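Me: I'm new to this structure and would like a close look at a single part, the strands and how they pair up. Please fit the rest of the picture around that.

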Amino acid sequence: MSVRVERDKESGVAVVTLDRAAKHNAITLEMAERLTAAWRGLRYEDEIRAVVVTGAGQRAFCTGIDRAAAGEAPQPSSPYTIDDPLLAIGPKANDLWKPVVAAVEGMACGGAFYLLGEAEFLVAGEGATFFDPHTTYGMVSAFETVHMAQRMPFGEVARMALMGTAERISARRAYETGLVSELTATGGALDAARRAAAVIATYPTEAVQGTVRALWSAKEVARAQALAHAPHLVALGNLPAERQAELFTRRENGSRESGGSGGFRLR
């Protein structure tokens, strides 16, 4: 199963795991559907009062949508619309207002920000890195950038989106700029996130969910308007799929020839 949900009814915490470690937890269309179902189902489980979302293994939290899956998603012919298979993979998109803590190890990039952008706060291991490859491959970073603009200083998210694969934000830098709320030793993010979620789960869930709702209402109007523009920007700015594939293949070959470093700089 590509999405795993484990429930601890004693602590009141559920852990939602992207379980595709061999593929850096890249999201397939099936996984997107399972995430939607998981979030919607957790709304009805009263014994679950807080949730942790994470990725299997230590190499990546998630590297966004699987490239093969992106090609399988049917698209309308109209230039004014786009069907994004990741739009409903987050808890807020599914009307779940129980608090969600993200535990990040390894890479978190691209479509991972749909999930990270809808968590209440992030815990990361020291080896975690954050980056957005869209512009490198001729794609508009719209939904991801909108989500991160709600969590990071403007200059930081602008730099991440525009630098593409040339630069990755270290866990330490993410902590310094407020994207990450707690930094742990590598491998310790999940346990730390569980501990935080377990504390929250001991409080009356009505008050907790009301607080979550209040926090999100403070920025929801701007976020909703920005997300409404995103499909049009993607439809207008993305290169054709064959051009994207050409850029991707060229850079992949270049990385292999240079020893696999990819040429990125960590900061």
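Reply: Let's start with a side chain you can pick out by eye: Arg-213 lies over the face of Trp-97, at 4.0 Å from the ring centre. For a charge to sit over a ring, NZ of Lys or CZ of Arg has to be within 6 Å of the ring centre and within 35 degrees of the ring normal. Arg-168 does this too, with its charged end 4.0 Å from the centre of the ring of Phe-131.

Before the strands, a word on what you're looking at. This is a predicted model, where local features need pLDDT of at least 70, side-chain atom pairs count only at pLDDT 80 or more, and totals for chains, interfaces and linings use all residues. Residues are numbered from 1 along each chain as its sequence is written, and side-chain values use heavy atoms, with hydrogens and water left out.

The protein has 9 helices and 11 strands; these are DSSP runs numbered from the N terminus, with helices (H or I) of at least four residues and strands (E) of at least two. Two strands pair if DSSP finds at least two bridges between them.

Now to strand β7, residues 121-125. It is largely enclosed by the rest of the structure, because 4 of its 5 residues are buried. Buried means under 20% relative accessible area, exposed means over 50%, and partly exposed is in between (1.4 Å probe, protein chains only). β7 pairs with strand β5 (residues 100-104) in the parallel sense, over 4 bridges, and one place to find this is Phe-121 in β7, the bridge partner of Val-101. β7 also pairs with strand β10 (residues 182-184), again in the parallel sense, over 3 bridges. There you can look for Gly-125, which stands opposite Thr-184 in β10.

Next, follow an open sheet of 5 strands, in the order β4-β6-β8-β9-β11 and with mixed pairing. Its edge strands, β4 (60-62) and β11 (265-266), each pair on one side only. Within this sheet, strand β6 (residues 107-109) runs parallel to strand β8 (residues 129-131), and 3 bridges join them. Ala-108 stands opposite Phe-130 in β8.

Two loops are worth a stop as well. His-24 is in the loop between β2 (13-18) and α1 (29-42), and its phi is near 55°, a positive value in a residue other than glycine. Asp-95 is in the loop between α2 (67-72) and β5, and also has a positive phi, of about 60°, without being a glycine. His-24 counts as partly exposed at 21% relative accessibility, and so does Asp-95 at 41%.

Over in helix α9 (residues 241-257) you'll find Gln-244, which counts as buried at 12% relative accessibility. Gln-244 and Thr-135 are 109 residues apart in sequence, yet 10.0 Å apart in space, C-alpha to C-alpha.

Stepping back to the whole protein, buried residues make up 48% of its 267 residues. As for how far to trust the picture, the mean pLDDT (the predictor's confidence in each residue, from 0 to 100) is 87, and 83% of the residues reach 70 or more. Over residues 256-261 the pLDDT is below 50, and beyond near neighbours in sequence this stretch has 2 contacts in the model, a contact being heavy atoms within 4.5 Å.
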